[in-house]
Amino acid sequence: QVQLQESGPGLVKPSQTLSLTCTVSFGSITTSPWYWSWIRQPPGKGLEWMGHIRYDGGGGFIPSLKSRASISRDTSKNQFTLHLTSVTPEDTAVYYCARGRIAVDSHDAWGQGTQVTVSS
């Protein structure tokens, strides 16, 4: 059964770049028909799907994040990394990585989540 684990800093200063890595076990990030998402939940709010990278390296982000967000991957380590530039306190959230199946509007495996606080 695939397992996902987020890692990264818990505290980031405003205007800096946040980088979070998701390490995937028991499943390859280059195998069809899967895609790999970043999802976040700000305090007191619902889940927000941010964007994804597909097994073939394609993907994208929601319009509100497109100018600040990107995803890279290291296939040798079976990891993918979220990069979010120019963070503000509004980016404070629990961040999750998750696996989805192309053409299916749901995620079947999630990491446990990692808290990120943006504060000076």
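Let me start with Cys 22, which counts as buried because its relative accessibility is 0%, and I should say at once that what we are looking at is a predicted model. Its partner is Cys 97, and the two are joined by a disulfide with a sulfur-to-sulfur distance of 2.1 Å. Cys 97 also comes out at 0% relative accessibility, so this end of the link counts as buried as well. The bridge connects distant parts of the chain, since Cys 22 belongs to strand E3, residues 18-25, while Cys 97 belongs to strand E9, and 75 residues separate them. As for the geometry, the angle about the S-S bond is 65 degrees, and the link is right-handed. A search of the whole structure finds 1 disulfide, and this is the one I have just described.

Staying with strand E9, I would like to turn to Arg 99, which is found in that strand. Is this arginine buried or exposed? At 12% relative accessibility it falls under the 20% cut-off, and therefore Arg 99 counts as buried. What does its side chain meet there? There is a polar contact of 2.7 Å between the side chains of Arg 99 and Asp 108, and Arg 99 also lies over the face of Trp 34, at 3.5 Å from the ring centre. Leaving aside residues up to four places away in sequence, the residues that Arg 99 touches include Val 2, Leu 4, Tyr 35, Trp 36 and His 107. The ring of Trp 34 has a second arginine to consider, because the charged end of Arg 101 sits over that ring too, 5.3 Å from its centre.

That brings me to the aromatic residues, where the structure holds 3 aromatic pairs. In one of them, the rings of Tyr 96 and Trp 110 have their centres 5.8 Å apart and their planes at 80 degrees, and because an angle over 60 degrees is counted this way, the pair is edge-to-face. This pair, too, links distant parts of the chain, with Tyr 96 in strand E9, residues 93-101, and Trp 110 in strand E10, residues 107-110, the two being 14 residues apart. Tyr 96 counts as buried at 17% relative accessibility, whereas Trp 110, with a relative accessible area of 37%, is partly exposed. Elsewhere, Trp 36, Trp 38 and Phe 80 form one aromatic cluster.

Finally, a few words on the backbone. Most residues other than glycine have a negative phi, and most peptide bonds are trans. Against that background, which residues join through a cis peptide bond? They are Ser 32 and Pro 33, with omega at about 5 degrees, and Pro 33 is placed in the loop between E3 and strand E4, the latter covering 34-41. Phe 26 lies in the loop between E3 and E4, and, although not a glycine, Phe 26 has a positive phi of about 60 degrees. With a relative accessibility of 64%, Phe 26 counts as exposed. Asn 78 likewise has a positive phi, here about 55 degrees, without being a glycine, and its place is in the loop between strand E7, 69-74, and strand E8, 79-84. Asn 78, however, is buried, with a relative accessible area of 14%.

Notes: Residues are numbered from 1 along each chain as its sequence is written. This is a predicted model: local features need pLDDT of at least 70, side-chain atom pairs count only at pLDDT 80 or more; totals for chains, interfaces and linings use all residues. Side-chain values use heavy atoms; hydrogens and water are left out. Rings of Phe, Tyr and Trp (its six-membered ring) pair if their centres lie within 6.5 Å; planes under 30 degrees apart count as stacked, over 60 as edge-to-face and the rest as tilted. Helices (H or I, at least four residues) and strands (E, at least two) are DSSP runs, numbered from the N terminus. Buried means under 20% relative accessible area, exposed over 50%, partly exposed in between (1.4 Å probe, protein chains only). A charge sits over a ring if NZ of Lys or CZ of Arg is within 6 Å of the ring centre and within 35 degrees of the ring normal. A polar contact is a pair of N or O atoms within 3.5 Å; within protein, one must be able to donate a hydrogen and the other to accept it, and residues adjacent in sequence count only if both atoms are side-chain atoms. Contact means heavy atoms within 4.5 Å. A disulfide is a pair of cysteine sulfur atoms within 2.5 Å.
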